[in-house]
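Let's read a structure together, the way you might over coffee. I'll take the questions as they come.

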Amino acid sequence: MRRSWLAPVLVLVALFAGTATAQETFRIAIGVDPDTLDPAQSTTTTVDNVMDYMAETLVGIDEEGALVPQLATSWSTSADGLALDIELRQGVVFHDGTPFDANAVVWTFERLLDPEVRVPRRGPLTVIESVEATGEHAVRLNLANPAPYLMGALSQTTNAILPPTVVDVEGNSYENVTRIVGTGPYTFVGRDLGERITVDRFDGYWGEIPYYERVIFQIVPEATTRESLLLAGQVDLIILPPASDIPALEANPRTEVVLGPSDRTIFIVINTTDPVLQDKRVRQALNYAVDKEAIVQGILFGAADVMDAPMAESLFGYAPIGAYPYDPERARELLAEAGVEPGELSLDFMSPTGRYVQDFPASQAIANFLRDVGIEAQVRTMDWPSYVGTMLQPPESNETQLHLLGWAPSYLDAAQQMEQFDSSQHPPGGLATSFYLNEEVDRLIDEAGQEIDETRRAQLYAEASELIWDDAPWIFLWVQRFPMVHASDVTNISGLPNEKFYAIYARPVE
Amino acid sequence: MSGFLGYLLQRIVGVMVTVLFVAITIFLMVRVLPGDPARVIAGVLASEQDVERIRAQLGLDQPLPVQAGIFLRDLVQGDLGVSARTSSPVVEEIGARLPATLALAAAGMLMAIAIGVPLGAWAAARAGSLGDVLVSTLVLFGISLPVYWLGLMLIILFSIRLRWLPAAGAEGPLSLILPAVTLAAFSVAFIARITRSSMLEVLRQDYVRTAHAKGVRRTTVEWRHALRNALPPVVTVIGLQFGELLGGAILTETVFGWPGLGRLLVDSIFARDYPMVQGLVIVFAAMFAIVNLLVDLTYERIDPRVRYG
């Protein structure tokens with residue numbers, strides 16, 4: 001047949017046509033299948049990251065963790081701390097054309113406070129008694145008591161502003177939004193459940209218009225496969241590569257590794273109600289016994305920074321406190337002082353697997369270090385819900401002695417980190433699983449929670465941190481980094497200190 | 001009603017009874033898992049009140065018999081409830097992923113049959129020869145190769161090195177190839193093995209020797225007579241394998257980011273999403289039972305001694 005070459009050519013053209021628009025599309029591989037695309041119902045930072053492309057909060061955070069105006073242009077607190085006035089940005093429009101104004105803000109907050117709507121991260125907002133519009137572009141939040149952390153809390157994606165018209169979109173209801181309508185630089189196009197989420201550039205965006213016309217978030221649960229996608233040139237950015245491949249990816253000229261800052265502290269919780277672990281000297285000994293630097297380099301491949309305070313540097317209220325350097329001699333001394341003979345103490349040690357970077361291997365290494373100073377520790381693991389259930393048992397039935405945990409406040413304020421040391425937050429009512437009890441620390445935390453003066457507030461947290469550091473209710477380990485890797489032919493990708501990647505303004509390298 | 005139709009009806013009722021039993025069993029089993037679903041769904045940061053509210057929303061504050069009653073009443077109406085994790089109807093979540101699962105299982109199965117049956121028959125006809133030994137070795141590999149390893153090796157070769165195929169995802173027909181091959185590896189080996197042993201049995205039979213003696217061509221003997229008679233056990237295995245592939249492709253789905261039901265089941269278990277887990281297990285049981293029914297019906301076609309009704 002004369003035209004027998006036509007068919008194969010057409011097939012080839014068809015195959016390549018699929019890739020013709022590749023330069024306008026930015027592809028990101030993430031590891032979790034979003035449980036929800038409703039900002040109010042958010043529980044996972046990576047899912048928040050996706051929603052950030054489409055919906056915006058009143059304030060955002062920059063790469064240092066400082067608050068920056070976003071949909072709010074300015075804000076002020078009344079002298080008694082009970083009213084928060086917020087000025088809203090003008091000339092902003094939602095994806096469906098609805099103008100952004102005080103009405104939308106009031107509606108959003110009333111929805112967030114509505115008990116009929118599931119809002120797992122409602123906590124910081126419960127101090128709000130009412131929200132009212134004080135002008136077309138101004139709102140006032142009336143508070144039950146002073147809440148200096150509140151503005152920071154509003155940077156959390158949970159509090160993204162949605163228009164009342166969002167419930168009119170097909171598939172949405174007041175209780176459950178599945179298709180976001182927001183003010184963000186990208187609009188929701190579609191979602192293939194379990195596979196991908198597609199967003200398109202919004203040319204009516206109030207801020208700088210991004211380069212890429214389309215962004216695709218591909219859901220790839222296996223870290224090695226994410227890395228493969230990047231190496232095969234099929235995605236532009238991946239998060240959380242296999243930790244052991246970080247050195248190779250750093251050496252590869254086709255890929256760039258970004259060890260993003262994070263607020264996630266990783267630590268071993270010590271059950272302070274345990275008869276032996278009650279003794280501060282034993283807890284300090286545990287801290288001296290572990291060579292954290294060695295673990296960070298050898299097991300985490302550099303993707304962490306050893307802690308020097310009970311919280312991450314990016315938090316408001318952080319102050320460098322000190323160090324527990326690797327000193328097995330000192331550890332043995334302290335144990336002897338406390339009357340613990342080598343080999344006499346055997347501790348139960350729980351660790352999650354796959355929840356934090358190299359969590360289980362690190363735990364095994366830590367158990368080895370403890371063995372070196374005469375403490376027997378067997379690491380055991382279980383799935384996350386069972387883990388949470390076990391560690392949240394009330395003190396009478398709590399069997400844990402040591403367990404590994406990570407804590408990343410959802411907004412960068414010591415207030416949330418300090419919940420770990422607040423005796424009113426002991427399980428089962430809270431998450432302070434060390435059952436740490438220090439009345440002076442409690443007092444400082446309470447005072448700071450109501451202190452409007454920022455300098456004084458920071459000072460109170462620093463004082464509390466000193467006490468906590470000395471009391472050592474944790475083995476203070478490290479602040480995890482948030483590793484991400486992108487192709488070398490794209491640039492302008494960084495990380496935000498709340499474990500988010502920031503790639504909205506990514507563009508090809510010139 | 002009598003005859004074939006009567007038999008069919010009887011079998012369909014049997015499928016429904018099986019599914020009902022499975023439904024009751026899984027309803028009880030998920031509630032045995034440790035961990036509080038309301039707390040898991042709400043997340044670690046949620047307040048006690050919010051957890052309680054979610055517990056009420058999920059209907060978990062009701063006594064067990066009441067929960068069971070609601071569950072069964074909805075089930076007979078075809079309502080599998082609402083996912084505790086995503087707030088979307090279970091039927092919708094499953095429906096969205098069912099095509100991907102069916103496509104993968106079907107592709108894997110077709111590949112396994114197309115390669116495994118001829119391979120097994122060929123080996124049986126040359127039992128003891130070098131060819132047979134080669135096939136047996138291949139079978140050993142197919143059964144032993146870990147899915148994760150095989151999948152990642154295929155990705156390295158075909159996606160990274162050669163850039164021929166996508167490493168993950170379900171976009172376009174090309175994306176089906178690597179996951180299907182990975183999934184099929186075990187089934188090919190298994191089916192080849194069964195075909196071979198079944199063929200060997202048949203080849204030993206008197207009527208085969210008679211056919212040879214009559215002067216029938218060897219290939220005709222092999223393919224028309226022997227293989228046809230060797231099929232029943234093979235068909236059984238194919239049915240069982242297919243049933244397994246429908247629900248058990250979890251490793252393949254994870255490696256290739258394939259949006260199937262296996263991955264959904266694991267995520268739902270970890271999230272203590274009772275309605276979703278229940279719904280998925282019921283759907284798997286139904287699919288498995290239906291596949292088995294279809295397999296049983298084919299016996300009538302391939303084995304003249306079998307007649308239903």
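What follows is a short dialogue on chains, helices, contacts and backbone angles.

Q: Before we start, what sort of model is this, and how are things numbered?
A: It's a predicted model: local features need pLDDT of at least 70, side-chain atom pairs count only at pLDDT 80 or more, and totals for chains, interfaces and linings use all residues. Residues are numbered from 1 along each chain as its sequence is written, while chains are lettered from A and ligands numbered from 1 in the order in which they are written.

Q: How many helices and strands does each chain have?
A: Helices (H or I, at least four residues) and strands (E, at least two) are DSSP runs, numbered from the N terminus. Chain A comes to 14 helices and 23 strands. Chain B has 13 helices and zero strands.

Q: What tells me about the overall dimensions of chain A?
A: Try the radius of gyration, taken over C-alpha atoms; the globule rule is 2.2 Å times the number of residues to the power 0.38. For 510 residues, that puts a compact globule near 24 Å, and chain A agrees with 25 Å. Along the principal axes, the C-alpha atoms of chain A fill a box of roughly 90 × 70 × 40 Å. The box for chain B is roughly 85 × 60 × 30 Å.

Q: What share of each chain is buried?
A: A residue is buried if 20 or more other C-beta atoms lie within 10 Å of its own, exposed if 12 or fewer, and partly exposed in between, with C-beta atoms placed from the backbone. In chain A, 51% of the 510 residues count as buried; in chain B, 42% of the 309 residues do.

Q: And what share of the contacts joins residues far along the sequence?
A: Two residues are in contact if their C-beta atoms, placed from the backbone, lie within 7 Å. Take contacts with a separation of 6 or more in chain A: residues 24 or more positions apart account for 68% of them. In chain B, 74% of the contacts between residues at least 6 apart join residues at least 24 apart.

Q: Which residues of helix 3 of chain A are buried, and why do they line one face?
A: An α-helix has 3.6 residues a turn, so residues three or four places apart point the same way. Here A102(A), A104(A), V105(A), T108(A), F109(A) and L112(A) are buried. Seen down the axis, they fall within an arc of 160 degrees (the arc of the directions from the helix axis to the C-beta atoms), so they line one face of helix 3. What covers them includes strand 5 (83-88), strand 6 (128-135) and strand 7 (138-143) of chain A.

Q: What does each chain bring to the contact between them?
A: Chain B puts in 43 residues and chain A 38 residues. On the chain B side, helix 7 gives the largest share, five residues. By type, the chain B side divides into 21 nonpolar, 10 polar and 12 charged (Ala, Val, Leu, Ile, Met, Phe, Trp, Tyr, Cys and Pro count as nonpolar, Asp, Glu, Lys and Arg as charged, and the others, Gly among them, as polar).

Q: Which residues does V220(A) contact?
A: V220(A) sits in the loop between strand 10 (214-219) and helix 5 (223-231) of chain A. With 29 other C-beta atoms within 10 Å, V220(A) is buried. Beyond four places in sequence, its contacts include A29(A) and G31(A), plus A168(B) and G257(B) from chain B. The C-alpha atoms of V220(A) and I28(A) are separated by 9.8 Å, though the two are 192 residues apart along the chain.

Q: Where do I find a positive phi in a residue other than glycine?
A: Most residues other than glycine have a negative phi, and most peptide bonds are trans. R272(B) has a positive phi, near 50 degrees, and is found in the loop between helix 12 and helix 13 (274-302) of chain B. R272(B) is buried, with 28 other C-beta atoms within 10 Å. In chain A, A472(A) has a positive phi of about 50 degrees. A472(A) is in the loop between helix 14 (454-471) and strand 18 (474-480), and is buried, with 23 other C-beta atoms within 10 Å.
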